[in-house]
Amino acid sequence: VSRSRQRGDMALPAGIEISGPDVSFIDIARGMGVTAFGPVADPSLLGSVFAKAVRHIEETGCPVVVDVLSAAR
């Protein structure tokens, strides 16, 4: 679309990727009243964070957001 509208290659990523600044999914979730954990960057912590999230769901029946950071491809 960018090329067909003669916007050049500089506009190609527009609308395709989310970057700079990083989206705070935790803030979005909490702003909607949802319990949120993270962001989690260390894979060794995922088990304990997911356990907390599952425990919260079991106790409250409410949704949970777990923000996991991953490497871009």
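## A guided tour of the predicted model

Among contacts in the protein (heavy atoms within 4.5 Å) between residues at least 6 apart in sequence, 44% join residues at least 24 apart. This is a predicted model, in which local features need pLDDT of at least 70 and side-chain atom pairs count only at pLDDT 80 or more, while totals for chains, interfaces and linings use all residues. Residues are numbered from 1 along each chain as its sequence is written, and side-chain values use heavy atoms, with hydrogens and water left out.

Begin with the whole chain in a cartoon view, where the secondary structure comes to 2 helices and 2 strands, arranged along the sequence in the pattern α-β-α-β. Helices (H or I, at least four residues) and strands (E, at least two) are DSSP runs, numbered from the N terminus. Of the 73 residues in the protein, 15% are buried, where buried means under 20% relative accessible area, exposed means over 50%, and partly exposed lies in between (1.4 Å probe, protein chains only).

Next, select helix H1, residues 25-31, and find Ile28 within it; Ile28 counts as partly exposed because its relative accessibility is 44%. Adding Val23, Phe25 and Met32 to Ile28 shows a nonpolar patch on the surface, with about 390 Å² of accessible area together. Such patches are made of residues with over 30% relative accessible area and no salt bridge, like charges being joined within 9 Å and nonpolar side chains (Val, Leu, Ile, Met, Phe, Trp, Tyr) within 5 Å; the areas come from the Shrake-Rupley method with a 1.4 Å probe, and for residues only the protein chains shown count as cover.

Then move to Ala29, also placed in helix H1, which is buried, with a relative accessible area of 6%. Leaving aside neighbours within four places in sequence, Ala29 is in contact with Val34, Ala36 and Val65.

Now select Asp67 in strand S2, residues 64-68. Asp67 is buried yet has no salt bridge, and the nearest side chain of opposite charge, Arg30, is 9.5 Å away. A salt bridge is a side-chain nitrogen of Lys or Arg within 4 Å of a carboxyl oxygen of Asp or Glu; Lys and Arg count as positive and Asp and Glu as negative, with His and the chain ends not counted.

Finish at Pro39, in strand S1, residues 35-40, where a cis peptide bond joins Gly38 and Pro39, with omega about 0°.
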